[in-house]
There are 2 protein chains.
Amino acid sequence: MPDLNKLSAADVAKGIAAKKFTAEAVVRDCLDRIAAREPTIHAFATIDPDYALMQARALDRMPSSKGPLHGVPIGVKDIINTEHLPTEMGSPLYKAHRSHGDAACVALARMAGAVILGKTVTAEFAGMFPGPTANPHNPAHTPGGSSSGSAAAVADFMVPVAYGTQTGGSVLRPAAFCGCVGYKPTFNLINRQGICFAAETLDTIGLLTRTIDDAELVTAVLINKPPAFFKRDTPPRLGLCRTPLWDTADDATKHAVEDAAKRLAAAGAPVKEIVLPEEFEKLYYTARETINNYERSKSMAADWQHHPDKISKVLGDRVKKGFAMKHEDYVAALQLAERCRARIDDAYGGIDAIISPCVKGEAPKGLNFTGEPAFQQFWTVLNGPAMSLPTHAGPQGLPVGIQLVAPRYRDDALFACARWVMEKLAH
Amino acid sequence: MPDLNKLSAADVAKGIAAKKFTAEAVVRDCLDRIAAREPTIHAFATIDPDYALMQARALDRMPSSKGPLHGVPIGVKDIINTEHLPTEMGSPLYKAHRSHGDAACVALARMAGAVILGKTVTAEFAGMFPGPTANPHNPAHTPGGSSSGSAAAVADFMVPVAYGTQTGGSVLRPAAFCGCVGYKPTFNLINRQGICFAAETLDTIGLLTRTIDDAELVTAVLINKPPAFFKRDTPPRLGLCRTPLWDTADDATKHAVEDAAKRLAAAGAPVKEIVLPEEFEKLYYTARETINNYERSKSMAADWQHHPDKISKVLGDRVKKGFAMKHEDYVAALQLAERCRARIDDAYGGIDAIISPCVKGEAPKGLNFTGEPAFQQFWTVLNGPAMSLPTHAGPQGLPVGIQLVAPRYRDDALFACARWVMEKLAH
């Protein structure tokens with residue numbers, strides 16, 4: 001029997017359906033891995049082995065499959081509500097806090113047979129103040145954030161799939177640093193009932209997985225769409241967008257992006273260099289920050305009012321900036337974002353997906369800073385689907401992902417391009 | 001001393017600031033009114049007089065004003081989280097449920113000095129299954145819904161201001177039926193942290209008030225913008241849009257809209273008849289329903305999974321329809337809505353605001369049906385600001401509001417037009 005914790009979600013579901021192993025055996029292997037590695041990695045905020053095994057055994061007793069995720073263990077970022085397990089937001093203000101029930105994305109996974117394995121560490125309120133999680137490739141380095149525990153748990157084979165959320169770069173950055181797949185869908189694709197908002201016009205639920213198929217498999221359950229697992233038989237038409245942030249990237253990232261573009265072109269994909277109109281610089285440097293801070297001050301209003309002392313300085317400063325912000329500036333930022341979303345379609349003309357830098361470089365040393373979010377944020381505000389693909393490594397041997405983005409609602413096309421890209425870069 | 005419960009929020013704040021009366025006196029008059037009328041009206045799901053008085057006395061003890069709402073009592077729809085008071089969602093599933101703390105809109109009002117007076121009755125999960133609230137103008141008739149208690153409490157002088165939410169017509173319909181002002185801002189203007197979602201791409205927090213100024217006063221606090229209270233000195237350029245639903249309206253509504261248009265034209269406003277492109281019919285008849293049902297099935301997934309028996313038939317049927325819905329149809333509906341939002345700007349060309357029917361007619365008899373939401377829904381999906389103005393009455397003497405709508409983010413212009421319209425129609 002292989003280590004069942006190393007299987008993909010798709011293979012877990014298939015193996016259980018074929019009665020090769022039980023859901024309980026899968027959960028036990030995941031729990032064993034967690035017991036062995038958690039003292040180093042600290043990926044989980046809450047883990048309740050008895051509760052996980054109870055769910056698995058209930059599934060094993062069922063006469064037929066509950067759904068496409070039957071027996072698949074899932075980690076849930078600790079700003080997403082769950083029944084039975086606390087939701088602590090990475091904040092002392094929510095110590096042992098229990099929500100009324102599951103968030104929509106948790107309930108839908110449960111209805112499809114998933115095992116809710118545990119709550120993964122989040123940076124404070126999905127912001128920049130980190131939890132204790134370490135990078136599985138080198139525990140002296142950050143795993144990224146804010147979906148720190150989700151990325152580390154998946155990359156370290158504790159669980160095949162975990163939920164994250166991305167307001168700036170909170171799914172793709174930890175995925176790139178930990179060397180797994182990070183998928184941020186088109187804005188609002190996955191229902192957000194039951195999550196804690198950071199900035200509600202940007203917050204997007206996403207997935208950390210080890211395979212592209214797993215990202216599509218779980219998404220399919222959440223959006224009520226049979227997964228296509230479409231594989232392109234012709235090369236995609238690719239764009240290469242360095243973004244205005246290119247000069248701030250480390251050599252490791254510049255190499256990853258240029259190497260990918262070169263090898264994919266050699267494999268037959270036309271690669272067109274894309275320079276976005278100047279308006280996009282303002283979108284990134286001013287507007288995204290305005291939207292984020294303004295909305296953050298509102299969503300934090302209750303906690304800020306009563307317990308400013310229990311909120312980190314980095315988050316408190318953002319809240320203060322948000323409260324000082326004029327409503328007119330916020331609306332102007334929203335309207336600029338809308339214009340750029342309409343304009344980005346032109347940039348995609350004749351292109352299936354764009355390759356872009358995902359992170360500044362390798363995961364920084366130390367656990368106090370989850371890394372620069374700029375490269376992920378740039379695309380988040382445009383609302384299209386984005387993936388971090390674990391294609392390269394840097395000089396310290398740590399993973400450096402590349403980012404693949406597609407037009408809004410073209411998540412299917414993104415999956416298909418990502419499969420083609422991963423296949424060609426593996427050779 | 002006048003009945004302080006009959007004052008507007010603006011006059012409450014002014015009177016307390018001028019030391020004409022205390023916050024405690026205002027709250028006492030509101031509580032007296034509630035004690036006298038609540039056995040007939042049933043506007044409140046939870047009211048805790050001691051807690052309300054405690055807040056008022058704490059404000060009275062402060063050496064200076066806490067903010068622009070100092071001492072203003074506010075009713076909060078029972079799907080919006082509040083500390084101290086339960087949030088029961090109009091559902092037996094949430095009996096005595098306590099949230100962790102205030103929703104953003106409640107926290108921000110509290111920071112500006114508001115007294116959270118109580119939780120107002122909502123239809124089940126802000127849908128169509130009504131609570132016990134009766135229409136203050138005739139308790140044998142529905143107050144409308146789903147913000148039933150908020151509209152009834154404001155119209156019946158129990159509280160000057162109450163929060164509502166609108167996914168289809170849940171702020172404007174009860175306002176029109178109860179004869180108060182209903183204001184649904186531009187989508188996403190008021191932060192939604194801490195509310196229960198019905199359909200998250202439509203849900204909008206709005207206000208029930210007795211004056212237009214009060215709607216602007218409270219909104220200003222929530223969005224961090226000084227209120228302009230702008231009064232037009234020239235007539236606005238108005239549109240008259242009967243919508244494709246015109247033939248379904250009662251004579252009372254047809255009369256209200258046509259009478260308003262005639263008198264406003266006589267007062268100097270150019271009134272241009274507007275016929276929307278055919279695409280808008282599909283938007284209303286198919287797309288809005290698709291978006292609503294699809295998102296409803298997701299946001300209800302946890303409760304539906306565990307307690308389908310405790311969910312009303314009308315809501316359960318909607319959830320089932322939503323679960324059966326294809327993701328492609330949902331995305332097509334979202335995209336149609338986006339196209340129409342872009343196109344509506346053309347319809348507004350040279351027009352400040354559009355007059356449109358608000359309700360089918362007077363509030364129907366009986367408390368089992370909160371009335372037809374079609375006329376409000378039509379504009380909700382277009383995301384612009386909308387107001388119900390208490391301008392007319394029907395043959396049974398019940399209020400019949402007209403609807404005034406404006407382009408997205410032009411909430412200020414809507415307030416100014418609404419003031420002009422109310423002034424001219426009062427003469």
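In chain A of this predicted model, strand β4 (residues 161–166) and strand β6 (residues 204–209) pair in the antiparallel sense, with six bridges between them. One of the matched pairs here is A:Gly164 with its bridge partner A:Gly206 in β6(A).

**The strands of chain A**

Let us stay with β4(A) for a moment. On its other pairing, strand β2 (residues 73–77) of chain A runs parallel to β4(A), and three bridges join the two. Here A:Ile74 stands opposite A:Val161. How many of the six residues of β4(A) are buried? Six of the six are, so the strand is mostly covered. In a regular strand the side chains alternate between the two faces of the sheet. In β4(A), A:Val161, A:Tyr163 and A:Thr165 point one way, while A:Ala162, A:Gly164 and A:Gln166 point the other way, and all of these are buried.

From β2(A) we can move on to strand β3 (residues 115–120) of chain A, which is also mostly covered, with six of its six residues buried. β2(A) and β3(A) pair in the parallel sense over five bridges, and A:Pro73 stands opposite A:Val115 in β3(A). Between these two strands the chain passes through helix α4 (residues 104–111) of chain A, making a β-α-β crossover that is right-handed. β3(A) also pairs with strand β1 (residues 44–47) of chain A, in the antiparallel sense and over three bridges; the bridge partner of A:Thr46 is A:Lys119.

The pairings in chain A can be set side by side:

| Strands | Sense | Bridges |
|---|---|---|
| β4(A) and β6(A) | antiparallel | six bridges |
| β2(A) and β4(A) | parallel | three bridges |
| β1(A) and β3(A) | antiparallel | three bridges |
| β2(A) and β3(A) | parallel | five bridges |

**Helix α7 in both chains**

Helix α7 (residues 212–223) of chain A has 12 residues and reaches 17 Å from its first C-alpha to its last, close to the 16 Å expected at 1.5 Å a residue. Because 10 of those 12 residues are buried, α7(A) is largely enclosed by the rest of the structure. Among the buried residues are A:Asp214, A:Glu216, A:Leu217 and A:Val218. After the helix comes A:Asn224, whose phi is positive, near 60 degrees.

In chain B, B:Val218 is found in helix α7 (residues 212–223). Is B:Val218 buried or exposed? With 30 other C-beta atoms within 10 Å, B:Val218 is buried. Leaving aside residues up to four places away in sequence, B:Val218 touches B:Ala9, B:Leu69, B:Val161 and B:Leu207. B:Tyr163 is 55 residues apart from B:Val218 in sequence, and the two are 9.8 Å apart in space, C-alpha to C-alpha.

**How the two chains meet**

A rotation of 180 degrees, with 0.0 Å of shift along its axis, superposes chain B on chain A with an RMSD of 0.0 Å. That is the relation of a two-fold axis. The same surface serves both copies, as 97% of the contact residues of chain B recur in chain A. Within chain B, B:Ser99 comes closest to the rotation axis, with its C-alpha at 3.9 Å.

The contact takes 32 residues from chain B and 31 residues from chain A. On the chain B side, the elements giving two or more residues are α4 (104–111), α9 (279–299), α10 (301–306) and α12 (327–347). Of these, α4(B) gives the most, with five residues. By class, this side of chain B has 13 nonpolar, 11 polar and eight charged residues.

Definitions and conventions: Residues numbered from 1 in each chain as written. Chains lettered and ligands numbered in written order. Predicted model: local features only at pLDDT ≥ 70, side-chain atom pairs only at ≥ 80, totals over all residues. Least-squares fit on C-alpha atoms with pLDDT ≥ 70 in both. Contact = placed C-beta atoms within 7 Å. Helix = DSSP H or I, 4+ residues; strand = E, 2+ residues; numbered from the N terminus. Buried ≥ 20, exposed ≤ 12 C-beta atoms within 10 Å, placed from the backbone. Pairing = 2+ DSSP bridges. Nonpolar A, V, L, I, M, F, W, Y, C, P; charged D, E, K, R; others polar. Expected span 1.5 Å × (residues − 1). Right-handed = clockwise from strand over helix to strand, strands pointing away.
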